Amino acid sequence: MTSTELPAKLAEIRDDFLALEQPDRLLLLLEFANELPALPARYEEHPDLMERVVECQSPVFMFVEVDDDDQKSVHLYATAPRESPTTRGFASILAQGLEGLSTAEVLAVPDDYPNSIGLTKAVSPLRIRGMTAMLGRTKRRLREMPV
């Protein structure tokens, strides 16, 4: 998949980051952290339904759902502590960027997408690996779901 084949929302997010200087990229990541969508009540009341992303330094939990419609629309729900803005930002980028895509579109997102948004010099490689793990887990969950 070339960069022009990225789903529109993910391409827009990447382009927004790349249009900024390094310090401003961190501010944009903080904005994403503050915009992490709230969990639906069914997950707030049953956190045991969510899977921990152990590769992340901060406690991140996520769950992937697919609508039973023609498009098989994907929804990624995630939670991370407010005191972990980098991790929250990465979770928010994925939750917002993958929202409503088809299963096939999500599976086609390049595994190295986290490296393409221009933060590799601003945050540690361990943090980038955490976002890569979130994307990888999302894809794994989609592959495990019945067709």
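**Sheet**

I started with the sheet, keeping in mind that this is a predicted model. I found an open sheet of 3 strands, ordered β1-β2-β3, with antiparallel pairing. I looked for the edges next: they are β1 (51-52) and β3 (74-79), each of which pairs on one side only. As a reminder to myself, strands of a sheet pair through backbone hydrogen bonds, either parallel or antiparallel.

Then I went through the pairs. β1 and β2 (residues 61-66) run antiparallel and are joined by 2 bridges. For a landmark here I picked arginine 52, whose bridge partner in β2 is phenylalanine 61. I also checked what packs on this sheet, and it is α6, which touches β1, β2 and β3. The direction of α6 makes about 40 degrees with that of β2.

How many bridges pair β2 with β3? I counted 6 bridges there, again in the antiparallel sense. My landmark for this pair is valine 66, with valine 74 as its bridge partner in β3.

**Helix α1 and its partners**

Next I turned to α1, residues 8-18, and looked up how it packs with α2, residues 22-34. Their axes lie 9 Å apart, and the angle is about 140 degrees. I wondered whether to call that antiparallel, but the label needs an angle over 145 degrees. α1 and α2 are therefore oblique to each other.

Which residues meet where α1 packs with α2? From α1 I noted Ile13, Asp16, Phe17 and Leu18, and from α2 Arg25, Leu28, Leu29 and Phe32. Sorted by class, this contact has 6 nonpolar and 2 charged residues, with no polar ones.

I then checked α1 against α4. Here the axes come within 8 Å and cross at roughly 140 degrees. That makes α1 oblique to α4 as well. On the α1 side I listed Lys9, Leu10, Ile13 and Phe17; they meet Ile93, Gln96, Gly97 and Leu98 in α4. The class split for this contact is 5 nonpolar, 2 polar and 1 charged.

Ile13 and Phe17 caught my eye, since they turn up in the contact with α2 and again in the contact with α4.

**Cavity**

I also searched for enclosed space. The structure holds 1 cavity of 30 Å³ or more, and about 40 Å³ of space lies in it.

What lines this cavity? I wrote down Cys56, Gln57, Thr87, Phe90, Leu126, Arg127, Gly130, Met131 and Met134. Two helices, α4 (85-98) and α6 (125-144), each supply at least two of the lining residues. The largest share comes from α6, with 5 residues. By class, I get 5 nonpolar, 3 polar and 1 charged residues in the lining.

So α6 has come up twice in my notes: α6 packs on the sheet, and α6 also gives the largest share of the cavity lining.

**Aspartate 111**

My last stop was a single residue. Where does aspartate 111 lie? I found aspartate 111 in the loop between α5 (103-108) and α6. Leaving out residues up to four places away in sequence, aspartate 111 touches Thr132, Leu135 and Lys139. I also looked at glycine 136, which is 25 residues from aspartate 111 along the chain. The C-alpha atoms of aspartate 111 and glycine 136 are separated by 7.0 Å.

Note on methods: Residues are numbered from 1 along each chain as its sequence is written. This is a predicted model: local features need pLDDT of at least 70, side-chain atom pairs count only at pLDDT 80 or more; totals for chains, interfaces and linings use all residues. Side-chain values use heavy atoms; hydrogens and water are left out. On a 1 Å grid over the protein atoms alone, a cavity is a set of points where a 1.4 Å probe fits but cannot get out, and a pocket is an open set with protein on both sides within 12 Å along at least five of seven lines; lining residues have an atom within 4 Å of a point. Grid points are joined across faces, edges and corners, and a volume is the space filled by probe spheres set on the points. Helices (H or I, at least four residues) and strands (E, at least two) are DSSP runs, numbered from the N terminus. Ala, Val, Leu, Ile, Met, Phe, Trp, Tyr, Cys and Pro count as nonpolar, Asp, Glu, Lys and Arg as charged, and the others, Gly among them, as polar. Axes are lines fitted to C-alpha atoms, for helices over the stretch in contact, and angles run from 0 to 180 degrees between N-to-C directions. Angles under 35 degrees count as roughly parallel, over 145 as roughly antiparallel, 65 to 115 as roughly perpendicular and the rest as oblique. Contact means heavy atoms within 4.5 Å. Two strands pair if DSSP finds at least two bridges between them.
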